[in-house]
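Visitor: I have a sequence and a set of coordinates to look through, and I would like to go over them with you before planning anything at the bench. Could you show me the structure?

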Amino acid sequence: MASVEDIGIDLGSSNVLIYSRNRGIVLNEPAMLAVDHESRNVIAIGLEAYKMLGREPGNIEVVRPLQKGTIQGFDMLSIMLNHFVVRVIGKHIFARPRAIMSVSASANEIEKRQLIIGMFEAGTRRTQLIDRPLAAAIGAGMDVAKYTGHMVADIGAATADIAVLSSGEMSARNILSIGGDAFTEAIIRYVRLKHNLLIGFRTAEDIKCSIGSVWVAGDSKVTLPIAGRNLVSGLPKQIEVNREEISEAMEEPLHQMLEGLTGVVERIPPELANDVYENGILLTGGGAAMKGLAEVIEENIKIPCRVADNPQQCVAVGCGKVLEHPGEYEQFIGERRKGKR
Ligand SMILES: Nc1ncnc2c1ncn2[C@@H]1O[C@H](COP(=O)(O)OP(=O)(O)O)[C@@H](O)[C@H]1O
Ligand SMILES: [Mg+2]
C-alpha cells in the first residue's frame with residue numbers, strides 16, 4: 001500500500017536529510033540544537049541553531065548530539081529527530097507513514113531501538129534501519145544486487161563509513177573516526193599556529209568549502225580574506241589565506257584518511273579484489289565534495305576513484321529508493337537481512 005508520506009531519513013553526525021516518497025529531498029538541516037545551560041530548554045533546532053553557532057550568548061550552548069560519530073546526548077537527539085519528522089509528515093492519526101532510516105553505525109542496539117520507538121512517537125508506522133554504505137550506494141544509483149564487488153566510502157562530518165559491497169552484502173567494512181570535521185579542525189589549528197589568529201568553526205568550514213583543496217594544481221594562489229581574533233593583541237583582525245597553505249593545513253587528516261582507506265583495501269576478500277580494481281571506489285557523503293580528494297585517493301591507492309553526483313544526498317536518496325522499490329531492495333534491510341545471515 002503506497003502511503004502518502006513514506007520517508008527516508010539520513011541521521012548524520014552533522015546533517016539530517018529527509019526524503020519523501022512523493023517529493024524527493026524535503027529537509028536538509030544541521031543536526032544541531034541550541035540549548036539553555038540552566039533550564040536545559042531547547043531554544044532552536046537545525047538551521048536556526050547553526051546560525052547561533054559561535055555567536056551564542058553565555059547561557060546558550062549549541063550542541064551536536066552525534067558529534068564524533070557517537071551519540072552524546074540521547075534526549076537531545078530524540079527531540080531533534082521528533083521535531084524534523086513531525087515537520088515533514090505533519091500529524092497523522094490514521095495513515096501512519098513508513099520510514100527507512102540510516103543512523104551512524106556507532107549507535108548501539110539499545111539506542112537504535114530507542115530511535116525506532118522515537119520515530120513511532122513522531123508518527124511513523126514502522127521504521128527499518130539500513131546500513132549507511134548500502135544506502136549510499138543505492139542512492140548513487142549503483143546496482144547493489146549484482147554479484148560484482150564495489151567499494152563505497154561515505155564520508156560524513158565525524159566518520160567515514162567504508163565497505164565493499166557485493167550482492168547487497170558488506171565485507172571489509174570499517175568505520176574511521178575521521179571525516180570532514182577533522183579537516184576543518186586542522187584549518188583552525190594551522191591558522192592559530194601560523195597566523196596567531198583564532199577563527200571559529202564556521203569560518204574554517206567556509207575556508208575549507210570555498211578554497212580548500214587537497215590536490216593543489218596551477219591555481220594555488222587563490223586567496224580568501226578571513227577574520228578572527230589576534231591571539232597576541234586580543235583584537236579582531238583580518239588576513240588573507242591562500243589555497244596552498246590550506247592544503248598544507250589539511251595534510252594530517254588527509255594522511256589519516258588515506259591510511260584508513262588502505263586498511264580496508266588490504267582486507268578486500270580475494271574473490272572481490274579484481275572487481276574493486278575494475279569498478280573503483282565510489283565516494284559519497286558531504287566530505288566527498290572536498291576538492292581533489294578523489295584524485296589524491298586514486299594517486300595513492302592506485303584504484304580508480306569517483307565522487308557520486310550530489311554526494312551529500314546519497315544516503316537519504318538511497319533510503320527513499322528502498323521505499324519506492326520494495327521488491328528490489330527489501331531483502332537488504334531490517335529483519336529479513338538479519339535472517340539471511
Ligand atoms: N564543498 C565541500 N568541500 C569540502 N567539504 C564539504 C563540502 N561540502 C560539505 N562538506 C563537508 O561534508 C561534511 C558533512 O557531510 P554530511 O554527509 O552532511 O555529514 P554527516 O553524514 O556526518 O551528517 C562536513 O564536514 C562538511 O564540511
Ligand atoms: Mg552524510
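Visitor: Which residue takes a positive phi in the hairpin of β13 and β14?
Guide: Please keep in mind that this is a predicted model. The strands β13 and β14 run antiparallel and are joined by 7 bridges, and the hairpin that they form has 5 residues between the strands. In that hairpin the residue with a positive phi, near 80°, is Gly 234.

Visitor: What is the bridge partner of Pro 225 in β14?
Guide: Strand β13 covers residues 223–230, and β14 covers residues 236–242. Within this antiparallel pair, the bridge partner of Pro 225 is Glu 240.

Visitor: Which strands stand at the edges of the sheet, each with a single partner strand?
Guide: The open sheet has 3 strands, and its order is β12-β13-β14 with antiparallel pairing. One side of each edge strand is left without a neighbour in the sheet, because each has a single partner strand, and these edge strands are β12 (197–198) and β14 (236–242).

Visitor: Which residue in β13 does Leu 198 stand opposite?
Guide: Strands β12 and β13 run antiparallel and are joined by 2 bridges. Across this pairing, the residue in β13 that stands opposite Leu 198 is Arg 229.

Visitor: At about what angle does helix α6 run to β13?
Guide: Helix α6 is made up of residues 201–210 and lies across both β13 and β14. With respect to β13, helix α6 runs at about 165°.

Visitor: How much of the area that ligand 1 exposes when taken alone does the protein bury?
Guide: Ligand 1 is surrounded by 18 residues, and the closest include Glu 205 and Lys 208. A polar side-chain atom of Lys 208 lies 2.6 Å from an oxygen atom of the ligand, while a backbone N or O atom of Ala 157 lies 2.9 Å from an oxygen atom of ligand 1, and a polar backbone atom of Gly 287 is 3.0 Å from an oxygen atom of ligand 1. Taken alone, ligand 1 exposes 580 Å², and the share of this that the protein buries is 86%.

Visitor: What distance separates the centres of domain 1 and domain 2?
Guide: The protein is divided into domain 1, residues 7–129, and domain 2, residues 146–312. The two are in contact through 16 residues of domain 1 and 11 residues of domain 2. Taken over C-alpha atoms, the distance between the centres of domain 1 and domain 2 is 25 Å.

Note on methods. Residues are numbered from 1 along each chain as its sequence is written. Chains are lettered from A and ligands numbered from 1 in the order in which they are written. This is a predicted model: local features need pLDDT of at least 70, side-chain atom pairs count only at pLDDT 80 or more; totals for chains, interfaces and linings use all residues. Side-chain values use heavy atoms; hydrogens and water are left out. Two strands pair if DSSP finds at least two bridges between them. Helices (H or I, at least four residues) and strands (E, at least two) are DSSP runs, numbered from the N terminus. Contact means heavy atoms within 4.5 Å. Axes are lines fitted to C-alpha atoms, for helices over the stretch in contact, and angles run from 0 to 180 degrees between N-to-C directions. A residue is near a molecule or strand if one of its heavy atoms lies within 4 Å of it. A polar contact is a pair of N or O atoms within 3.5 Å; within protein, one must be able to donate a hydrogen and the other to accept it, and residues adjacent in sequence count only if both atoms are side-chain atoms. Accessible areas come from the Shrake-Rupley method with a 1.4 Å probe; for residues, only the protein chains shown count as cover. Domain bounds come from an automatic or database domain assignment.
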